[in-house]
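Reader: I'm new to this one. Can you walk me through it?

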Amino acid sequence: MNSQELWVQAYGRLKSCKSISTTQLKQLHAFIIKTRPLPLPTQHLMYPKLTSSTEKNFTHILSFLNHLEKPDLCLSLYNAIIQGLPSNPNNKASSLRQVLELLKHMLVNGLLPDNYTVPSVLKACAQSRALREGQQMHTYAIKTGLVLSNVYVKNTLMRLYAVCGVINCVRNLFDEGPQRDLVSWTTLIQGYVKMGLPREGVEAFFDMCDAKMMADEMTLVIVLSACSKLGDLNLGRKINEYIYANGVYRDVFIGNALVDMYLKGGDADFAYKVFNEMPVRNVVSWNSMISGLAHQGKFKEALDVFREMQRIGLEPDDVTLVGVLNSCANLGVLELGEWVHAYVDRNRIEADGFIGNALVDMYAKCGSIDQAFRVFQGMKRRDVYSYTAMIVGLAMHGEVEMALDIFAEMPRMGIEPDEVTFIGVLAACSHGGLVAEGHKYFRDMSSVYRLRPQTEHYGCMVDLLGRAGLINEAEEFVKNMPIEPDAFVWGALLGACRIHGKVELAESVMKKLLKVEPERDGAYVLMSNIYSSANRWKDAVKLRRVMKGKNMKKIPGCSSIELDGVVHEFKKGDKSHKRSKDIYKLLDEIMSHVKNHELLAH
DNA sequence: GTAGGGTTAG
């Protein structure tokens, strides 16, 4: 066989194979060196097929290129290779490096990027959030006029700035030039939503409708996620109507986005309905249900959905497990939480990031503070969420000193605390009666960390002062607040009044509390307890009567235990359980034991 | 031949 015939044979084989192994690559490499020049169609078949992005293969690609000469070394060949380079999600930096290496190679060989090269390079930049490199491409695209003449260039540039969080540049690119298509609109909307500006995203969608541009599934998925983030059920319903009215295909992405939107908007029943009617479901569909229900405080339902998922044999992923752990944490279901931990270990899932943080939180909330600490210490990478979960957990368990030690460790690890971290820190001070320290941390919040204290932080301080017996100081603290006190603050002050039997102050605080939160029964309950403690039974009864007449939203005290995989929920005064008589009998026994114990202790 | 999609924490 002469070399021409061999190439024909190689061409046929390449055409039918999907990818190419390193060994085959090496053989072809040797072959090329021996039988140059290489027929062009063969190259164009071969290079995009190099789909295993090992460093080794990339070295081969480069050495291929080094053996080629013009006219084999042409722009379309480079474009095919750059585009064919698989993005390696585990090593984005390496993928970008390879793309830039190829770019350099083509420049050295006197070839300039065209309207196909620029988008693929920009895509790689966006994937690695390489703003600098992307900006260089932007400059080039301006000089060559590609930004204005080619919508792919414009859109990939917009995407680059969107993922890098430079929303102004996204908007400017969108506004300049006559070229804009559905992808431009979608990228603009996505840019806003990803920046945490869902309102602006929705507005851009309305602008798009005004511009008579029709949305497709991809656009609507993003718009739905914006509605979900806004918790705007009415808007979400309108989008669903749009989907119906325009006959948009309800693919699994749309279905998942709808499920998420309905749950975050508070319509769990409709979310179930959408979920049940979906012709195709994937793990994200289940995750949307589980985390959405957990988000709504329907933890038991979330676990029921998880059990159903297990029953049909669908493998959970890490998002599933985070939702399950979150539900366990809030129900205090340690047993299932431990099962998830074992599952994570068994499947060699890294107990870092979301999973690690959720485990720390779950153990802490389930009372296993030692286990929480063990997971925390075992984490390779800890972030502000890990630290906060640990600090809040320790504070809840009264491990004041340790909570503050962990907090002190944060700057050494280069991790900035945020608002929630300080809730834990102040709660720790409150439990430890550390008034001076509490004041200091509260001041540090704004002076050192540039965080603006919110009503929750003021509430913590009021709680701290109240528990320490400084009721006047607590009252003074509320008076001097630069922001409007809300239910959290008034509630804390009312709690302080309860401890110190300050009936008159309590009465005025209750009025304030009812003003900001008229629908809840908490203020009445607390106040009637204050009356009772002060032996003012008549007032207490009167208050209870007012409550009954007002049809208040009752938020009953609730607890749950898990027994043999079944979660039993108990509400205050609840008699719905099959064995409720036995339960109350046992409860009475326990209470009398406790009381005896208390008497002995005094 | 190219570009845009859903779910996760304290």
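Reader: Let me start with a detail. Which residue follows helix 18, and what is the sign of its phi?
Author: Helix 18 is followed by G297. The phi of G297 is positive, near 80°. Keep in mind that this is a predicted model.

Reader: And the start of helix 18? Which side-chain oxygen reaches a backbone nitrogen there?
Author: That one belongs to N282. A side-chain oxygen of N282 comes to within 3.1 Å of the backbone nitrogen of V284.

Reader: How far does helix 18 reach, from its first C-alpha to its last?
Author: Helix 18 reaches 18 Å with 13 residues. That is close to the 18 Å expected at 1.5 Å a residue.

Reader: Which residues of helix 18 are buried?
Author: The buried ones are S285, W286, N287, S288, M289, I290, G292, L293 and A294.

Reader: What covers them?
Author: The cover includes helix 16, helix 17, helix 19 (299-311) and helix 20 (318-331).

Reader: Take N287. Why does it count as buried?
Author: The relative accessible area of N287 is 5%, and buried means under 20%. So N287 counts as buried.

Reader: What is N287 in contact with, leaving aside its neighbours within four places in sequence?
Author: N287 is in contact with G292, D317, V319 and T320.

Reader: Now helix 16. Is it largely enclosed or largely open, and why?
Author: Largely enclosed, because 11 of its 13 residues are buried. Among the buried ones are V252, N256, D260 and L263. Helix 14 (217-230), helix 15 (233-245), helix 17 (268-277) and helix 18 (283-295) are included in what covers the buried residues of helix 16.

Reader: What span should helix 16 have, and why?
Author: Helix 16 covers residues 252-264, so at 1.5 Å a residue its 13 residues should span 18 Å. Its end C-alpha atoms are 18 Å apart, which agrees.

Reader: What happens at the start of helix 16?
Author: A side-chain oxygen of D251 reaches to within 3.2 Å of the backbone nitrogen of F253. After helix 16 comes G266, with a positive phi near 100°.

Reader: Zoom out. How many helices and strands are in chain A?
Author: Chain A has 34 helices and 2 strands. Of its 602 residues, 45% are buried. The chain exposes about 32,400 Å², with 54% of that supplied by carbon and sulfur atoms.

Reader: Which repeats does UniProt place here?
Author: An unreviewed UniProt entry places "repeat: PPR" at residues 181-215, 282-316, 352-382 and 383-417. Over residues 181-215 the chain is 74% helix and 0% strand, with end C-alpha atoms 11 Å apart. Over residues 383-417 the chain is 74% helix and 0% strand, with end C-alpha atoms 9 Å apart.

Reader: On to the DNA. Which residues come nearest to DNA strand B?
Author: N155, D181, N256, N357 and D418 come nearest, of the 49 residues around DNA strand B. Helix 14 gives the most to the surface near the strand, with 7 residues.

Reader: Which part of DNA strand B does D418 approach?
Author: A base nitrogen. An N or O atom in the side chain of D418 is 2.7 Å from a base nitrogen of DNA strand B. For R159, a side-chain N or O atom is 3.3 Å from a phosphate oxygen of the strand. For D361, a side-chain N or O atom is 3.5 Å from a sugar or linking oxygen.

Reader: What share of the strand's atoms within 4 Å of the protein belong to sugar or phosphate?
Author: Of those atoms of DNA strand B, 30% belong to sugar or phosphate. The rest belong to bases.

Notes: Residues are numbered from 1 along each chain as its sequence is written. Chains are lettered from A and ligands numbered from 1 in the order in which they are written. This is a predicted model: local features need pLDDT of at least 70, side-chain atom pairs count only at pLDDT 80 or more; totals for chains, interfaces and linings use all residues. Side-chain values use heavy atoms; hydrogens and water are left out. Helices (H or I, at least four residues) and strands (E, at least two) are DSSP runs, numbered from the N terminus. Buried means under 20% relative accessible area, exposed over 50%, partly exposed in between (1.4 Å probe, protein chains only). Accessible areas come from the Shrake-Rupley method with a 1.4 Å probe; for residues, only the protein chains shown count as cover. The expected span of a helix is 1.5 Å times one less than its number of residues. Contact means heavy atoms within 4.5 Å. A polar contact is a pair of N or O atoms within 3.5 Å; within protein, one must be able to donate a hydrogen and the other to accept it, and residues adjacent in sequence count only if both atoms are side-chain atoms. UniProt positions are given in the numbering used here, feature names are shortened, and annotations may be inferred rather than shown by experiment. A residue is near a molecule or strand if one of its heavy atoms lies within 4 Å of it.
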